[in-house]
Amino acid sequence: MKQLYLVAEAGGTRFAMPTDAIGSVVTASDVIPVPQAASMVAGLSALRSNVITVIDTMAAIDGRPASVEEGQSLVVVKVDDFLYGLAVDEIHDVCECAEAPEKLGAAFSPGWQQISTGMIEVEGHPMVVVDPAALVTSPQAEAA
Amino acid sequence: MEDLLAEFIAETRETLGTISGEIVAWEANPEDRARLDSVFRFVHTVKGSCGFLDLTHLQRVSHEAENALSDLRDGKREPTPGLVSAILAIIDRIGEMADALERGEEIDETIDEPLIAALNTSDAGDAMLPIINHKTTEHRNPARSIRVPLELLDRLMGGVSDLVLSRNELSRQIRRMNADDQVEVAFDRMSACVAEMRDAITWARMQRIESLFAALPRLVRDLSAELGKSVTLEIDGSDVELDREMIEMLRDPLTHIVRNALDHGIEDPLERQKNGKPCDGVLRISARQSGNQIQIRIADDGRGIDQRKLGDRAVENGNLTADVVKAMGDKELLDLVFQPGLSTTDTVSTVSGRGVGMDVVRSNVERIGGTIEIESVVGEGTKLSLLVPLTLTIIPALIFGVRNNRYAIPRSNIEEIVSLDKGRSRIEQIGGTEIAMIRDDRIPVVRLGSMLGGEASPSDATEYLEDRHLVIVRSSRRERFAIMVSAVFDHEELVVKPAAPGIMSAGIYAGTALPDNGMPLLLLDTAGLASAAGLTLLLSNVQRDDRQTSEEITAAPDALIFGDRDGCCRAIRMALVERIIDADVSQIAERAGALRLVWNNETVPVVTCAPLPESGTVRLLRLSDGNDVIAYAIGSGAADVGPLPEIFEPAVRPGRVAGVAVVAGEPVELLDAHYLFSEFSGGAGRQSNGLQPAKPRCLVVGGDDLWRHELLAPLIELAGYDVTFDETEDAALVIDASDAEYVAGEGQDNVMRLSANPSPGKDKFYRYDRTAIVDALHARLKAKG
């Protein structure tokens, strides 16, 4: 079974996301802050006539305070009927991978461990596969 | 019942449509178990529904078919072609009978006997097939309704909401580009279509409240049996329609109230007899629509609620002190029912438990933007009135600014907005928290700026500059507190959607919305805010505040004092002012013979005393008499709220100005709102003929409160009469301002009837026909001497 992945980069790390979860990629603008929300929530933004919740991908991984700058790319995903924009630094490519993701070993940090479903190999480089659903509800962020 | 029948017919026809394929397949291969099962299920369902709907003949026919099919399933009989045909004939017959039912025709029962006989004898072979008259398909009525999955409806509703939002976005862009007229005309047409669609889809989601009431007879029957009581249930207004989501939200509160009424309200038969009441208790449930709200009333004729006992309970529980309870009126005491942990029953029961309930009911009702009120007379019964909006999705809200961000609060939660600039309130620091003093009320203050902004401490001096308004809100748990905000922007109807879990986890948000400016907006949850701010309010405070504010309102009506466009200082009664609008001059133009403002899909007549500028913005007061709306253009300076001066020198001639008074050394002209509405709100207005000095008393009854207090009364007073609203007072003349006959009977000399209809019926007056009203007043009073 072949699966398409979107390869993106945030905080200096490349990772892959299954494309079937992704609606579109847009540029961040007018992000309205949401005080007291979970720490990975950077704010709200309008996408056409919908409100999307903007998530700082790195904040969800390592628990630092969320911040999204104008012009960052947002990967729009739909989880449980809510639209989220996952802020990443760069979008690289879409690639195809035939094999199912391999489980991560214990060497990964807990932040990555929680949001990933495994690891794939793209053009000879290993890459973490990120599960958007885990990213937007990451308990790591709440604990931090 | 008719609805259920229609549903049965629709369902039967629909299933017949889908299983017709199965039937053919089964006929081809009678051994096919799965097909046999689905045919059996169909016949079984029909039989069950018939029993329920009391269609005995159809039930018998389907029962026979079910028996035969059941035997086939159990292998007791063989699916011979004869039997299969007989069963198929029965199924066709069921379809035929459903059609006959829909057309209201008599069912010819004689046809069916040979069919049933064929079922039971056809084992022998295929020789005995009865001849069936196949005329069914030719004149089957086309279905007048279709069944649609709820998700599809929800999706449609969501789509239409999105459409409204995109239209708003487009409207902004068009205004910014100063597009030409043709674009605007096209856009207006699209706007109308969108509005039309929104209405249609809202209507499609409407469900009769019957579906909410349907479960009640059974509930009442079971409960009264369990409790050993005898209760008659009377339901009225089942045909009122309500958004289906709303119906779901009301299910729990209603069940709760009914349980309470049966358990605690209605006495057992022995006790009732002892008190001289009929053995059977009566529970009346009624629904009716008024405007865009639905009123549901639940009344029992039980023992009622003892207010004093409630008060005592509150003291026992430590919720209130004895002094506070002593000072409370009956109505306030009764309202204690909605406090957590209060009940007057002495025993715990399995039906409605004890002590929990009404507080939950109230918060559930308020969560959907409704209100609940209770009336009770000891020994006579209790009446609960619920008032809920028709739909959930669109919430009128106030948008305000906190530092650089904007938030919204549902308008139903807001009591009052007080500006700190005007010196009408001051903030005091008590024990590390802040209390606002507003007209002798002490209200805890929540500083949204520091709560949501993070770093700055409450004592930060710069903050006092930023936070300039207090929005006094009342949460669903009855806490009353003030939110300090930097700016108050606008009222807007918001399409509110739930926010993502990561946002809801903060506990202070109720949802998100996209207002007209296209920037996402967070709707605050007042109850969440109160608990997040750690507000614990003494009930006694809340209760006392209530009474004071209501006295305040009746004591002195407020007036809005402003500089008019011609430079004069004028005032208008505050209650008439809905809001202040800053509109672009391009939005105001001469349309249909009058100056009109186009504002949020409606046109509002504009009144101005001096020509409007060529460009720029104009400040307008949006005035409402409860029915009609007009906009009054004012100068761009500040507008102040102050008490309405008590003494007015009446104007020489009736006109836009009713009189003049002196406020703070300056003359202020009071606008004659009655004149403005009669001249400009679309009704046919005429000039009045002068006035006559006389001081007889005139009683005004019926009609809408705002209108008779703020518009009718000033007119009558101005003509030199005394006005009273107290029906117990003697009056020379009664004015019935209700369109219905509030004062019963015809041909009474001293009753004058007003109507909102510009062409009123016999013996009635159009309520803005000033001349006729004033003339009639004189004529009638003169006749009386």
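# A guided tour of chains A and B

Of the 785 residues in chain B, 46% count as buried. The coordinates to be toured are those of a predicted model.

**Chain B as a whole.** Select chain B and display its secondary structure: 23 helices and 35 strands are assigned to it. The exposed surface of chain B amounts to about 39,000 Å², and carbon and sulfur atoms supply 51% of that area. A contact map of chain B may also be drawn at this point. Among its contacts between residues at least 6 apart in sequence, 65% join residues at least 24 apart.

**Confidence.** Colour chain B by pLDDT next. The average is 75, and 81% of the residues score at least 70. Within chain B, select residues 347–356, where the pLDDT is below 50; this stretch nevertheless has 23 contacts in the model beyond near neighbours in sequence. Then move to residues 683–694 of chain B, over which pLDDT stays under 50. For that second stretch, the model has 25 contacts beyond four places in sequence. For the complex, the predictor reports an ipTM of 0.84 and a pTM of 0.47.

**Helix α15 of chain B.** Select residues 358–367 of chain B, which form helix α15. How many of its ten residues are buried? Eight of them are, and the helix is mostly covered. The buried set consists of B:Met358, B:Asp359, B:Val361, B:Arg362, B:Ser363, B:Asn364, B:Val365 and B:Glu366. To see what covers these residues, add the helices α10 (244–265) and α14 (330–335) and the strands β6 (371–377) and β7 (381–389) of chain B, which are among the covering elements. Just after α15(B), select B:Gly369, whose phi is positive at about 80°.

**Strand β18 of chain B.** Continue to residues 521–524 of chain B, strand β18. In a regular strand, side chains alternate between the two faces of the sheet. Here both faces are covered: B:Leu521 and B:Leu523 lie on one side, B:Leu522 and B:Leu524 on the other, and all are buried.

Which strands pair with β18(B)? Strand β9 (residues 405–410) of chain B does so in the parallel sense, over two bridges. Select B:Ala408 together with its bridge partner in β18(B), B:Leu523. Strand β17 (residues 509–513) of chain B pairs with β18(B) in the antiparallel sense, over four bridges. On this side of the view, B:Ala513 stands opposite B:Leu521.

**The interface.** Now display chains A and B together. The contact takes 19 residues from chain A and 25 residues from chain B. About 1,800 Å² is buried between the two chains, with carbon and sulfur atoms giving 68% of that area. How many salt bridges does the rule find across this interface? It finds zero.

**A loop in chain A.** End in chain A, at the loop between β3 (22–27) and β4 (41–47), where A:Asp30 is placed. A:Asp30 is not a glycine, yet its phi is positive, at about 50°. Its relative accessibility is 40%, so A:Asp30 counts as partly exposed. Select A:Gln36, which is also found in the loop between β3 and β4 of chain A. Phi of A:Gln36 is near 70°, again a positive value in a residue other than glycine. A:Gln36 counts as partly exposed because its relative accessibility is 41%.

Key
Residues numbered from 1 in each chain as written. Chains lettered and ligands numbered in written order. Heavy atoms only, no water. pLDDT = per-residue confidence, 0-100. Contact = heavy atoms within 4.5 Å. Buried < 20%, exposed > 50% of the residue type's maximum accessible area, 1.4 Å probe, protein only. Areas by Shrake-Rupley, 256 points an atom, 1.4 Å probe, with all protein chains shown as cover. Pairing = 2+ DSSP bridges. Buried area = accessible area lost by both parts, 1.4 Å probe. Salt bridge = Lys/Arg side-chain N within 4 Å of Asp/Glu carboxyl O.
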